Amino acid sequence: MSIESALRELGKEIQADERFISLQAAAKVNDADNGLQQQMQELQLISLKYQQEAEKDEEASQDRISELQQDYQNLYSEIMKNENMVKYSASASEVEQMVRYISDMIGLFFDGQDPATCEPQPQGCTHDCHTCGGCH
């Protein structure tokens, strides 16, 4: 099996994984949530206004910048409380963990580790068990 065909098989497995499927479904729900989409557009608009104000350099109004920052933070917090966004964020986090695991495994392969037995170390592992908070 070539590397390309192995990668394509990995791609099929990733797309068949329940974490990937869950993320795709959550994205569709978010896309269909008109209120959430409107809030996301408002967030982009606030960000654009912030950039425009900040680009004024010395002429920029620090009060306006602070106001825009606060508006952004308030709206962002509201968006992140949306039930659909909460589900999406949880799904995205699980997919990110899967991606990190795959990347770590590939790194081990390039380090010459045995593909049949190697396992990535937990994040933050110092290889000194006295510093371990426990991963098992």
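# A walk through five helices

Let's start on helix α4 (residues 62-81), where Tyr-72 and Tyr-76 both sit, 4 residues apart, or about one turn of the helix. Helices here are DSSP runs of H or I with at least four residues, strands are runs of E with at least two, and both are numbered from the N terminus. Before going on, keep in mind that this is a predicted model: local features need pLDDT of at least 70, side-chain atom pairs count only at pLDDT 80 or more, and totals for chains, interfaces and linings use all residues. Residues are numbered from 1 along each chain as its sequence is written, and side-chain values use heavy atoms, with hydrogens and water left out.

Back to those two tyrosines. A pair of aromatic rings is described by the distance of the centres and the angle of the planes. Rings of Phe, Tyr and Trp (its six-membered ring) pair if their centres lie within 6.5 Å; planes under 30 degrees apart count as stacked, over 60 as edge-to-face and the rest as tilted. By this rule the count comes to 1 aromatic pair. The ring centres of Tyr-72 and Tyr-76 are 6.4 Å apart and their planes are at 5 degrees, so this pair is stacked. How buried or exposed are the two? Tyr-72 has a relative accessible area of 32%, so it is partly exposed, and Tyr-76, at 37%, is partly exposed as well. (Buried means under 20% relative accessible area, exposed over 50%, and partly exposed in between, using a 1.4 Å probe and protein chains only.)

Now zoom out. The protein has 5 helices and 0 strands, so along the sequence the pattern reads α-α-α-α-α, given how helices and strands are defined. Of its 136 residues, 19% count as buried.

Where do α1 and α2 meet? The axes of helix α1 (residues 3-16) and helix α2 (residues 18-32) come within 5 Å and cross at roughly 60 degrees. Axes are lines fitted to C-alpha atoms, for helices over the stretch in contact, and angles run from 0 to 180 degrees between N-to-C directions. That crossing makes α1 oblique to α2, because angles under 35 degrees count as roughly parallel, over 145 as roughly antiparallel, 65 to 115 as roughly perpendicular and the rest as oblique. Ile-14, Gln-15 and Ala-16 of α1 make the contact with Glu-18, Phe-20 and Ile-21 of α2, where contact means heavy atoms within 4.5 Å.

Next, look inside. In soluble globular proteins, nonpolar side chains tend to be buried together. Here the largest nonpolar core has 7 residues: Leu-36, Leu-43, Ile-46, Leu-68, Leu-75, Ile-79 and Met-85. Such a core is a set of buried Ala, Val, Leu, Ile, Met, Phe, Trp, Tyr and Cys residues joined through side-chain atoms within 4.5 Å. Helices α3 (34-54) and α4 each give two or more residues to this core. Leaving out residues up to four places away in sequence, Ile-79 touches Leu-36, Gln-39, Met-40, Leu-43 and Met-85.

Asn-30, in helix α2, is buried, with a relative accessible area of 6%. With the same sequence neighbours left out, Asn-30 touches Leu-36, Gln-37, Asn-84, Met-85 and Tyr-88.

Finally, visit the loop between α3 and α4, home of Asp-57. Most residues other than glycine have a negative phi. Phi of Asp-57, however, is near 55 degrees, a positive value. Asp-57 is exposed, with a relative accessible area of 60%.
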